[in-house]
Amino acid sequence: MIFTDYTIFPVIGYLLGSIPTAVWVGKSFFNLDVREHGSGNAGATNTFRVLGKKAGITVLIIDILKGAASVLIPLSFAQTENQDNKLQLGLLCGIMASIGHIYPVFAGFRGGKGVATILGFMLALQPVPSLLCVGVFLIVLLSFNYVSVASMSAAIAYPLFQHLFFPSDLITLKILSIAIPATLIFTHRKNIAKLRKGEENKTFLIKKNTPT
């Protein structure tokens, strides 16, 4: 693979991931840093809770798009024509974008948990297993009302879908199938502690009607 592909595109991926959407939306439109409120996380879930539905949806979409863009740019402009090399490069750039989201250079290295950005780059690389994971996320969220549990469940489901239905000999994909759940469990370690104490916040996609 061309050397510049491995140097320029991963940096672009990291910088894209480092766009602190939740922080910028909060400061620009609400004069508020979401990291100082709610869970203290600079992600879509905390934005929903602190700033409301419109801001949360905006942050979610942009965080997914920046993950997808980190992969689509090298896939479109990489100098190599080898598809396996392109896939490996796309994976590297997606991982760099996820690291950027968790440790953003533009926001003092205090970012989010990486769920939306990881989803974005995986949708660009492997849309079918990624959409199946979205299905797992929604089912678990509707069943238990914990975003953290739904996110970790979807991450754990990814290697199962990958190995059972979309097997590949590419060592990079095998490593990724371990790295994704490991990363999201790591970034949700505080949520795991709260779950064990019964202190985790619930999120209701469908609000129950209260009797009048």
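**Exercise 1. The loop position of N145**

Determine in which loop N145 is placed, and establish whether N145 counts as buried or exposed.

*Solution.* Step 1: N145 is placed in the loop between α7 (127-144) and α8 (147-165). Helices here are DSSP runs of H or I with at least four residues, strands are runs of E with at least two, and both are numbered from the N terminus. The model is predicted: local features need pLDDT of at least 70, side-chain atom pairs count only at pLDDT 80 or more, and totals for chains, interfaces and linings use all residues. Residues are numbered from 1 along each chain as its sequence is written, and side-chain values use heavy atoms, with hydrogens and water left out.

Step 2: Buried means under 20% relative accessible area, exposed means over 50%, and partly exposed lies in between (1.4 Å probe, protein chains only). N145 has a relative accessibility of 15% and therefore counts as buried.

Step 3: Most residues other than glycine have a negative phi. The phi of N145, however, is positive, near 65°.

**Exercise 2. N31**

State where N31 is found and whether N31 is buried or exposed.

*Solution.* Step 1: N31 is found in the loop between α2 (21-30) and α3 (44-51). Step 2: Its phi is positive, about 50°, although N31 is not a glycine. Step 3: N31 counts as exposed because its relative accessibility is 73%.

**Exercise 3. Salt bridges**

Find which residues are joined with D33 into one network by salt bridges that share partners.

*Solution.* Step 1: Side chains of opposite charge can pair when their charged atoms come close. The rule for a salt bridge is a side-chain nitrogen of Lys or Arg within 4 Å of a carboxyl oxygen of Asp or Glu. By this rule there are four salt bridges.

Step 2: One of them pairs D63 with K66, with the closest N and O atoms 3.2 Å apart. Both residues lie in helix α4 (residues 53-77), three residues apart, about one turn of the helix. D63 is buried because its relative accessibility is 1%, and K66 is buried because its value is 5%.

Step 3: K27, D33 and R35 are joined into one network by salt bridges that share partners. Within this network, the closest N and O atoms are 3.9 Å apart for D33 and K27, and 2.9 Å apart for R35 and D33.

Step 4: D33 has a relative accessible area of 14% and so is buried. R35, at 11%, is also buried, whereas K27, at 46%, is partly exposed.

**Exercise 4. Helix α10 and the whole chain**

Identify how many helices and strands the protein chain has, and state whether K190 is buried or exposed.

*Solution.* Step 1: The secondary structure of the protein chain comes to ten helices and zero strands. Step 2: K190 lies in helix α10 and is exposed because its relative accessible area is 65%. Step 3: R196 also lies in helix α10, and its relative accessibility of 77% means that R196 counts as exposed. The C-alpha atoms of R196 and S130, 66 residues apart along the chain, are separated by 28 Å.

Step 4: For the chain as a whole, 44% of the 212 residues count as buried. The C-alpha atoms fill a box of roughly 65 × 40 × 30 Å, taken along the principal axes.
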